Amino acid sequence: MKTLKINSEKDLYVAAFKLLNILGPVAGVSIIIGTVALGYVQTRPQDLPVTHILTKGGRTFKLSVASTPEQLEKGLKFRASLNGDGGMLFNLGGEIYNVPFCMYKVNFPLDIFYLKDNVVTTAVYNAKPCYKNPCPIYKGKVANQVLELVGGTANIKVGDRLNIQPLSVLPKNNIGIYSGNYLKTKNNR
């Protein structure tokens, strides 16, 4: 490694200026790239796997489940659409009164159902998207879960008991999972 020998104060300033000419653009480009990347990550919709199903009125809805604080906060924000047979179930982690939900940066109308032990305690129909704060806050009386579906896709009302099941629960027949890749009958393993 070569040592830089500085003979005068002027040489020190020249060396510092040369260093800044190198580091300045590198820092500037890094800040720009970091800002763009952060903006992209923050406005990307979350892609949670489908892990539960809701069966109601002869229809089956495929549900993603949000459980962590980050997942609960992001919800369905930034999604362009949601299939008519899709939705999101929010596990609140316990029984909560006056549960607040809003439609900030959600791009399509939703029906919001507040559930306590799978029974609908409050229903909000056709909640409109909101792009600027302050947004309307929808509150459920009491809930340990909240279900969001595309507006008008399910005939659900207050007092209904919903049949929400994890996908890992298989129907009671002779079908089972084999090697995680395809279905085989129990008698044909």
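A polar contact is a pair of N or O atoms within 3.5 Å; within protein, one atom must be able to donate a hydrogen and the other to accept it. This idea is needed for the first of the close-up views below, all of which are taken from a predicted model.

**View 1. A buried arginine, R79, without a salt bridge.** The residue shown here, R79, belongs to the loop between α2 (69-74) and β3. R79 is buried and yet takes part in no salt bridge, for the nearest side chain of opposite charge, that of D47, is 5.2 Å away. A salt bridge would require a side-chain nitrogen of Lys or Arg within 4 Å of a carboxyl oxygen of Asp or Glu, so the separation between R79 and D47 does not qualify. What the side chain of R79 does reach is the backbone oxygen of Q46, at 3.3 Å.

**View 2. The open sheet of seven strands.** The strands of this sheet follow the order β5-β4-β6-β3-β2-β1-β7, and their pairing is mixed. At the edges stand β5 (119-127) and β7 (163-166), each of which has a single partner strand, so one side of each is left without a neighbour in the sheet. On average, and with direction ignored, neighbouring strands of this sheet are turned by 30 degrees against each other. Strands of a sheet pair through backbone hydrogen bonds, and they may do so in a parallel or an antiparallel way. In which sense do strand β2 and strand β3 pair? Strand β2 (residues 59-66) and strand β3 (residues 86-102) pair in the parallel sense, over five bridges, and S64 stands opposite M88 in β3.

**View 3. The disulfide between C130 and C135.** The structure holds one disulfide, formed by C130 and C135, whose sulfur atoms are 1.9 Å apart. The torsion about the S-S bond of these two residues, C130 and C135, is about -90 degrees, so the disulfide is left-handed. Both C130 and C135 are buried. Another cysteine, C102, is in no disulfide, and the nearest cysteine sulfur to C102, that of C135, is 5.3 Å away. Because a disulfide is counted for cysteine sulfur atoms within 2.5 Å, the separation of 5.3 Å leaves C102 unpaired. With a relative accessible area of 31%, C102 is partly exposed.

**View 4. A salt bridge between K56 and D160.** A search of the whole structure finds five salt bridges, and in one of them the side chains of K56 and D160 meet at 3.3 Å, N to O. This pair links distant parts of the chain, since K56 is in strand β1 (residues 50-56) and D160 is in the loop between β6 (137-150) and β7, 104 residues apart. K56 is partly exposed, with a relative accessible area of 22%, whereas D160, at 11% relative accessibility, counts as buried. K56 and D160 are also linked with K157 in a network of salt bridges.

**View 5. Two further salt bridges, E73 with K77 and E95 with K116.** The side chains of E73 and K77 meet at 2.8 Å, N to O. Is each of these two residues buried or exposed? E73 is exposed, having a relative accessible area of 54%, while K77 counts as buried, with a relative accessibility of 14%. In the other pair, the side chains of E95 and K116 form a salt bridge at 3.4 Å, N to O. Because E95 lies in strand β3 and K116 in strand β4 (residues 110-116), the pair ties together parts that are 21 residues apart in sequence. E95 is partly exposed, with a relative accessible area of 41%, and K116 likewise counts as partly exposed, at 29% relative accessibility.

**View 6. Backbone details in two loops, at P134 and at D117.** A cis peptide bond joins N133 and P134, with omega at about 5 degrees, and P134 has its place in the loop between β5 and β6. In the loop between β4 and β5 lies D117, and N118 is found in the loop between β4 and β5 as well. D117 has a positive phi of about 55 degrees although it is not a glycine. The phi of N118 is near 70 degrees, which is again a positive value in a residue other than glycine. D117 is exposed, with a relative accessible area of 51%, whereas N118 is partly exposed, with a relative accessible area of 22%.

Methods: Residues numbered from 1 in each chain as written. Predicted model: local features only at pLDDT ≥ 70, side-chain atom pairs only at ≥ 80, totals over all residues. Heavy atoms only, no water. Buried < 20%, exposed > 50% of the residue type's maximum accessible area, 1.4 Å probe, protein only. Pairing = 2+ DSSP bridges. Helix = DSSP H or I, 4+ residues; strand = E, 2+ residues; numbered from the N terminus. Axes fitted to C-alpha atoms, helices over the stretch in contact; angles between N-to-C directions. Lys, Arg positive; Asp, Glu negative; His and termini not counted.
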